[in-house]
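Trainee: I've got a model to go through, and I'd like to know what stands behind the labels people put on it. Can we start once it's on the screen?

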Amino acid sequence: MELWIQVSKICVKILFEREKKLCDQIFGDVDAAAAADCFIGTVKDSAVLLFRFAEDLSLRKQPHHTMAAVLDVYEAFLWVLPSTEALFASTPGKGIRDVCSQAYSLIQGDAVRMLYDLQHDILHDAAASDEQGGGGVHPTTNFVVGQIEVVVKNKDLLTGLIRSAPSLNFGDTAIPDEELRQYANGSGFLEQYLVLTVIVLLRNLDKKSRSYGDPCLGHLFAMNNLRSILKAIEASPNLQEMVGGRLITKMNDDLASARASYETTTCEKFLTCLRRDGIYTSRCCFRSRASKAAVRRRLNSFNDVFKKVDELHSLWKIPDLQLRNEVRLRMSEILVPRYRKFIEEFGNKPETRLLLVEGNMKHRPEELEALVRQRLFANSDS
């Protein structure tokens with residue numbers, strides 16, 4: 001495809017034009033029809049072979065992952081098309097013009113077909129989320145973001161090729177028309193295709209996030225993938241404009257929800273161990289006292305949670321450094337003061353003071369802070 005792009009420009013802009021000038025010089029003003037016949041007879045086979053490449057490319061239905069290369073071919077074809085029509089404007093050149101016209105018609109359909117195939121494959125992508133992968137950004141997300149960037153790069157070309165709204169029927173699944181209208185109302189056809197691509201990606205990611213055995217890891221997966229999409233959109237003003245504010249707002253809301261769910265689920269494991277209810281027992285005529293057994297159970301439970309979180313969450317990922325630091329800071333602000341307060345409260349009571357120095361308190365508040373601020377997501381890419 002890259003070679004054809006170079007050859008087509010050389011043939012049309014240099015070789016064919018040179019041949020036409022030569023034929024005109026030979027016949028001059030004496031016989032224009034003979035000049036045209038001579039020119040067409042000389043280059044016809046080469047021209048038909050050249051332009052049928054773009055036609056064959058469409059007929060072979062190139063897979064959507066080659067979209068960037070195929071669109072480069074189409075762009076080159078459309079660039080040489082005006083010169084081609086001028087060169088072969090004579091009656092003998094009609095056959096070549098017909099080949100170009102057929103190729104152009106197929107190109108329009110092929111651009112739509114590639115975008116539809118992309119959306120279909122995203123929606124039906126059954127690649128499982130790897131729990132050993134730490135809930136990071138899924139390869140499907142990276143691929144789709146790359147394809148979206150290809151669409152934005154070729155915005156002018158695709159705007160001219162796409163003349164109708166996208167199909168919402170994907171075999172066993174149909175996207176509700178009101179869902180597309182909600183986020184793409186008033187947008188052009190290409191923008192509708194782009195919005196629909198993001199919608200089907202979000203559907204697929206939601207399905208993958210729910211497939212995790214550990215819901216907490218599912219929340220982390222959703223958070224990471226949403227952040228990856230939003231970063232790509234934020235980096236491109238053109239993409240922001242094409243996707244539209246409504247869908248960006250939805251993704252930001254979903255990101256905030258996934259983040260809150262992860263933080264709440266993880267923190268609750270610790271906070272359950274630090275609750276005060278059930279620790280104090282009342283005695284007749286005496287004030288309530290802290291139960292050593294209850295405090296011991298809470299400390300042991302806390303130690304178990306600390307170990308499990310340290311083992312699992314240190315292997316999980318938040319690739320985005322800013323998001324990683326924000327989550328760590330928020331969890332530290334929730335957990336460390338509560339743990340410190342628990343230790344101080346029962347460390348000052350005579351009936352439970354010894355528990356804290358007899359090995360039941362395995363972790364100081366500073367160690368919990370280090371777990372949250374340094375060891376969580378330690379496997380993340382820098």
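Mentor: Contact, or touching, means heavy atoms within 4.5 Å. By that rule Phe88 touches Phe16, Phe39, Ile40, Val43, Ala47, Phe51, Gly93, Ile96 and Arg97, with residues up to four places away in sequence not counted. One caution: this is a predicted model, where local features need pLDDT of at least 70 and side-chain atom pairs count only at pLDDT 80 or more, while totals for chains, interfaces and linings use all residues. Numbering starts from 1 along each chain as its sequence is written, and side-chain values use heavy atoms, with hydrogens and water left out.

Trainee: Which residues have the most contacts inside the largest nonpolar core?

Mentor: Phe51, Phe88 and Leu368, in a core of 116 residues. Such a core is a set of buried Ala, Val, Leu, Ile, Met, Phe, Trp, Tyr and Cys residues joined through side-chain atoms within 4.5 Å.

Trainee: Why is Val152 called buried?

Mentor: Buried means under 20% relative accessible area, exposed over 50%, and partly exposed in between, with a 1.4 Å probe and protein chains only. Val152 has 12%, so it's buried. Val152 sits in helix α5 and touches Leu194, Ser236, Asn238, Leu239 and Met242, again leaving out residues up to four places away in sequence. Met242 is 90 residues from Val152 in sequence, yet their C-alphas are 8.2 Å apart.

Trainee: What makes α5 a helix with that number?

Mentor: Helices are DSSP runs of H or I with at least four residues, numbered from the N terminus; strands are E runs of at least two.

Trainee: Lys61 and Phe377 caught my eye; what is phi for each of them?

Mentor: Lys61 has phi near 55°, positive in a residue other than glycine. Phe377, not a glycine either, has a positive phi of about 60°. Lys61 lies in the loop between α2 (32-59) and α3 (67-87), and Phe377 in the segment after α14 (365-375).

Trainee: Is each one buried or exposed?

Mentor: Lys61 has a relative accessible area of 57%, so it counts as exposed. Phe377 comes out at 1%, so that one is buried.

Trainee: How do you know that α11 spans close to what's expected?

Mentor: The expected span is 1.5 Å times one less than the number of residues. With 27 residues (245-271), α11 reaches 38 Å from first C-alpha to last, against 39 Å expected. Its buried residues include Leu247, Met251, Leu255, Ala258 and Tyr262.

Trainee: What makes something a cavity here?

Mentor: On a 1 Å grid over the protein atoms alone, it's a set of points where a 1.4 Å probe fits but cannot get out; lining residues have an atom within 4 Å of a point. The whole structure has 2 cavities of 30 Å³ or more. The largest is about 40 Å³, where volume is the space filled by probe spheres set on the points, joined across faces, edges and corners.

Trainee: Which residues line the largest one?

Mentor: Val145, Ile148, Val198, Ile229, Ala232, Ile233, Leu239 and Val243. α9 gives the most, 3 residues.

Trainee: What is the make-up of that lining?

Mentor: 8 nonpolar, no polar and no charged. Ala, Val, Leu, Ile, Met, Phe, Trp, Tyr, Cys and Pro count as nonpolar, Asp, Glu, Lys and Arg as charged, and the others, Gly among them, as polar. The second largest cavity, about 30 Å³, has 6 nonpolar, 1 polar and no charged lining residues. Its lining is Leu115, Leu118, Ile148, Val151, Tyr193, Leu194 and Thr197, with the largest share, 3 residues, coming from α8.

Key: On a 1 Å grid over the protein atoms alone, a cavity is a set of points where a 1.4 Å probe fits but cannot get out, and a pocket is an open set with protein on both sides within 12 Å along at least five of seven lines; lining residues have an atom within 4 Å of a point.
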